[in-house]
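This report concerns the sequence and structure displayed below. Please keep both in view while reading the sections that follow.

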Amino acid sequence: MKVIYHCYGRAHSSVIASCLHLGRLPMEGQVNKEEIMTIPEFDRAQADDWGEPYFMGRDEVANEVYILGMNSQAPVCVKAILSLAGQLGQANQIILVNTLPAIGLTTRLGGFISKKLNWPRVGKPLAALGILQSLPRLRRLVRTVKREIIRKVQNGEENRYEH
């Protein structure tokens with residue numbers, strides 16, 4: 001199974017969701033701003049990275065976890081990915097997860113300042129603060145994704161394959 005967490009720029013919410021999924025950030029308890037800011041992929045992606053999946057790792061049951069920035073083109077990108085996966089007979093192997101609904105204005109503003117205004121010294125810490133405010137929602141989202149994966153496996157909707 002391939003889990004693709006996507007957001008606008010592949011720099012903030014998708015990074016945190018994938019880190020939660022992979023156990024690099026805890027699903028319970030406190031996290032501080034410095035922990036968020038030191039994640040290597042946090043606030044790193046640039047506009048040239050949009051549309052390019054980035055492999056973050058494998059989870060505890062070997063599912064591949066990716067992050068993807070789709071700019072404002074998420075609906076058409078999701079449609080294209082799912083259509084192509086279906087054509088290739090791999091539709092049950094992909095879970096696309098939009099992380100944007102889980103974050104608030106602070107993260108969006110921080111991302112805008114960091115990426116669009118090219119002022120990361122102000123924007124990155126602001127985005128990290130917003131992530132901390134959104135952490136309960138991001139954790140809920142990741143828990144939901146993991147339950148969906150279990151459901152797919154239990155219902156035989158998944159066709160594992162080895163590469």
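## Pairing of E1 with E3

Cys7 stands opposite Gly69 of strand E3. In this predicted model, strand E1 covers residues 2-7, and strand E3 covers residues 64-69. E1 and E3 run parallel and are joined by six bridges. Another residue of E1, Tyr5, has Ile67 of E3 opposite it.

Strands of a sheet pair through backbone hydrogen bonds, in either a parallel or an antiparallel sense. The pairing of E1 with E3 belongs to an open sheet of four strands, which has the order E2-E3-E1-E4 and mixed pairing. At the edges are strand E2 (54-58) and strand E4 (94-98), each of which pairs on one side only. From one strand to the next, the twist averages 25 degrees.

## The edge strands

E4 pairs with E1 in the parallel sense, over five bridges. Within this pairing, Tyr5 has Val97 of E4 as its bridge partner, and Val3 stands opposite Ile95 of E4. Tyr5 thus appears in two pairings, opposite Ile67 in E3 and with Val97 in E4.

At the other edge, E2 and E3 run antiparallel and are joined by four bridges. Here Phe55 stands opposite Tyr66 of E3. The hairpin of E2 and E3 has five residues between the strands, and in this hairpin Ala62 takes a positive phi near 75 degrees.

## Burial of E1 and E3

In a regular strand, side chains alternate between the two faces of the sheet. Both faces of E1 are covered: Lys2, Ile4 and His6 are buried on one side, and Val3, Tyr5 and Cys7 are buried on the other. E1 is mostly covered, with six of its six residues buried.

E3 likewise has both faces covered, with Glu64, Tyr66 and Leu68 buried on one side and Val65, Ile67 and Gly69 buried on the other. Because six of the six residues of E3 are buried, this strand is largely enclosed by the rest of the structure.

## Helices on the sheet

Strand E1 (residues 2-7) and E4 pair over five bridges, and two helices that pack on the sheet touch E1. Helix H1 (residues 13-22) touches E1, E2 and E3, and its direction makes about 150 degrees with that of E1. Helix H5 touches E1 and E4, and its direction makes about 160 degrees with that of E4.

Helix H5 spans residues 120-154 and contains Ser134. Ser134 has a relative accessible area of 1% and is therefore buried, the threshold being under 20%. When neighbours within four places in sequence are left aside, Ser134 is in contact with Ala102, Ile103, Gly104 and Thr107.

## Salt bridges

Side chains of opposite charge can pair when their charged atoms come close. The whole structure has six salt bridges. One of them joins the side chains of Arg10 and Asp49 (3.8 Å, N to O). Arg10 lies in the loop between E1 and H1 and Asp49 in the loop between helix H2 (33-37) and E2, so this pair ties together parts that are 39 residues apart in sequence. Arg10 counts as buried, at 5% relative accessibility.

Another salt bridge joins the side chains of Glu64 and Arg58 (3.1 Å, N to O). Glu64 is buried, with a relative accessible area of 6%, whereas Arg58 counts as partly exposed at 45% relative accessibility. Within helix H5, Arg151 and Glu148 lie three residues apart, about one turn of the helix, and form a salt bridge in which the closest N and O atoms are 2.7 Å apart. Arg151 counts as partly exposed at 32% relative accessibility, and Glu148 is partly exposed with a relative accessible area of 28%. Lys2, Arg58 and Glu64 are joined into one network by salt bridges that share partners.

## A nonpolar surface patch

Leu109, Phe112, Leu117, Trp119 and Val122 make a nonpolar surface patch of about 490 Å². Of these residues, Trp119 lies in the loop between helix H4 (105-116) and helix H5 (120-154).

How values were computed
Residues numbered from 1 in each chain as written. Predicted model: local features only at pLDDT ≥ 70, side-chain atom pairs only at ≥ 80, totals over all residues. Heavy atoms only, no water. Patch = residues over 30% accessible without salt bridge, like charges linked within 9 Å, V, L, I, M, F, W, Y side chains within 5 Å. Areas by Shrake-Rupley, 256 points an atom, 1.4 Å probe, with all protein chains shown as cover. Salt bridge = Lys/Arg side-chain N within 4 Å of Asp/Glu carboxyl O. Pairing = 2+ DSSP bridges. Axes fitted to C-alpha atoms, helices over the stretch in contact; angles between N-to-C directions. Contact = heavy atoms within 4.5 Å. Buried < 20%, exposed > 50% of the residue type's maximum accessible area, 1.4 Å probe, protein only.
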